[in-house]
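Good morning, and thank you for coming. I would like to show you one structure and walk through a few of its residues with you.

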Amino acid sequence: MARAKIALIGAGMIGGTLAHICAREALGDVILFDIAEGTPQGKGLDIAEATAVFGQDVALKGANDYADIAGADVCIVTAGVPRKPGMSRDDLIGINLKVMKAVGEGIAKHAPEAFVICITNPLDAMVWALQKFSGLPKEKVVGMAGVLDSARFAYFLAEKTGVSVQDIHAWTLGGHGDDMVPMVRHSTIGGLPLPDAVKAGFLSQADLDAIVERTRKGGGEIVALLKTGSAFYAPAESAIAMAKSYLLDQKRVLPCAVWVSGEYGLSDLYVGVPALIGASGVEKVVEFTTDESEKAMLAKSVDSVKGLIEACKQQDPSLA
Ligand code: APR
């Protein structure tokens with residue numbers, strides 16, 4: 001059987017890390033696509049040479065032409081620019097929206113059967129625009145944010161309590177911004193919902209409150225440390241988990257930005273919810289029970305997402 005083909009649209013920090021993981025795990029042959037000439041070719045060759053050390057038979061190729069992504073099974077999109085000091089939210093949307101248009105058209109023409117995972121920020125608006133520009137089925141276009149935000153939440157809980165990250169299941173829903181919704185009642189340490197874990201003495205309520213706040217600002221914490229860029233290891237791992245669930249039909253339930261049509265009382269937008277990912281793409285949205293406070297937090301987060309979508313529509317009337 002032919003190996004899967006994985007197209008990485010954007011060969012920057014996350015794109016390069018994705019290529020490395022795909023090769024080490026032999027998930028498939030990799031095309032690194034970028035508008036920058038030389039970067040995707042250089043990273044592709046570097047990792048291809050490494051395959052002779054770690055012993056995996058996969059091919060890697062750099063490309064500047066969308067024709068090279070032809071027939072890709074999965075496309076992971078990181079193309080775009082990061083927000084720089086002095087750049088407004090609308091400036092960022094304006095630039096990355098044009099990138100999504102080019103990427104969406106490239107995927108529609110050359111890889112219309114692919115499962116597409118968008119990482120470019122502002123995530124919830126960019127994945128929405130990418131689906132519109134590509135015209136691909138909504139269940140085949142998803143955004144990566146919740147796996148990352150939930151991983152940060154889980155890691156902070158593990159660090160504080162000393163419990164293995166393997167036995168902590170954390171969930172964040174909503175948009176990928178400071179008003180994301182860490183789901184305290186649904187997240188567990190050794191099977192105990194967090195409020196029970198507090199009662200059992202694993203951590204104090206103050207510790208839990210601080211972790212929720214740190215999770216919300218997790219992206220900014222890394223930017224402040226790196227100074228010249230944003231996180232790339234954990235974002236890449238998060239997208240790989242989603243790609244694997246699709247390629248291997250694992251049917252994992254992962255928090256992803258997906259198109260909602262009625263779930264959680266929401267429709268006609270992309271927002272972070274638990275989604276079952278299998279060979280057909282998004283096969284089901286899992287609806288958590290939500291209390292009044294969770295509903296209110298989710299509504300606030302969704303309002304922010306709607307604001308981003310409105311800004312996209314204003315910048316590109318074809319999306320209205
Ligand atoms: N088509 C293809 N690639 C593009 C385009 C385009 N139109 N415009 C920019 N790129 C490429 C850049 O040349 C660069 O190599 O996208 C790549 C982005 O890489 P980085 O700047 O290193 O960004 P990275 O850290 O990988 O993050 C990518 O993910 O988390 C988000 O906010 C982050 O939106 C950003 C994205």
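I shall begin with the ligand, go on to some positions from a database record, and end with several backbone and side-chain details.

Please keep in mind throughout that this is a predicted model.

Let us start with the ligand. There are 14 residues around the ligand, and those that come nearest are Met-13, Ile-14, Asp-34, Thr-78 and Asn-121. Sorted by class, this shell consists of eight nonpolar residues, five polar ones and one charged one.

Which atoms of Met-13, Ile-14 and Asp-34 face oxygen atoms of the ligand? For Met-13, a polar backbone atom is 2.9 Å from a ligand oxygen. Ile-14 also takes part through its backbone, where an N or O atom lies 2.8 Å from an oxygen atom of the ligand. Asp-34, in turn, uses its side chain: an N or O atom there is 2.6 Å from an oxygen of the ligand. As for cover, the ligand on its own has 720 Å² of accessible area, and the protein covers 82% of that area.

I turn now to the record. Under "binding site", an unreviewed UniProt entry lists Arg-83, Arg-89, Asn-121 and Arg-152. These positions are spread over 70 residues of sequence, and they are spread in space as well, with up to 23.9 Å between C-alpha atoms.

Let us look at two of them, beginning with Arg-83. Its place is the loop between strand E4, residues 74-77, and helix H3, residues 89-110. Is Arg-83 buried or exposed? Arg-83 counts as exposed because its relative accessible area is 51%, and the cut-off for that class is over 50%. Leaving aside neighbours within four places in sequence, Arg-83 is in contact with Ser-88, Arg-89 and Leu-92. Arg-89 is thus a contact of Arg-83 and also one of the positions listed in the record.

The second is Asn-121, which we have already met among the residues that come nearest to the ligand. Asn-121 sits in the loop between strand E5 (115-118) and helix H4 (123-134). With a relative accessibility of 36%, Asn-121 is partly exposed. Not counting residues up to four places away in sequence, Asn-121 touches Leu-92, Asn-96, Met-126 and His-176. Leu-92 therefore appears in the contact lists of both Arg-83 and Asn-121, given that contact means heavy atoms within 4.5 Å.

Asn-121 also has a backbone feature to point out. The peptide bond that leads from Asn-121 to Pro-122 is cis, and its omega is near -5°. Pro-122 likewise belongs to the loop between E5 and H4.

Next, where in the chain do we find Ala-26? Ala-26 is in the loop between helix H1 (13-24) and strand E2 (29-33). Although Ala-26 is not a glycine, its phi is positive, at about 50°. Asp-249, another residue other than glycine, has a positive phi near 50°. Asp-249 is located in the loop between helix H9 (233-247) and strand E12 (252-261). Ala-26 is partly exposed at 33% relative accessible area, and Asp-249 is partly exposed at 34%.

Finally, consider Thr-51, which lies in helix H2, residues 39-54. Thr-51 is classed as buried because its relative accessible area is 11%, and the cut-off for buried is under 20%. A polar atom of the Thr-51 side chain is 2.5 Å from the backbone oxygen of Ala-48. Beyond residues up to four places away in sequence, Thr-51 touches Ala-23, Gln-56, Val-58 and Leu-60.

Conventions. Residues numbered from 1 in each chain as written. Predicted model: local features only at pLDDT ≥ 70, side-chain atom pairs only at ≥ 80, totals over all residues. Heavy atoms only, no water. Near = heavy atom within 4 Å. Polar contact = N/O pair within 3.5 Å; in protein donor to acceptor, adjacent residues only side chain to side chain. Areas by Shrake-Rupley, 256 points an atom, 1.4 Å probe, with all protein chains shown as cover. Nonpolar A, V, L, I, M, F, W, Y, C, P; charged D, E, K, R; others polar. UniProt positions renumbered as here; feature names shortened; annotations may be inferred. Helix = DSSP H or I, 4+ residues; strand = E, 2+ residues; numbered from the N terminus. Buried < 20%, exposed > 50% of the residue type's maximum accessible area, 1.4 Å probe, protein only.
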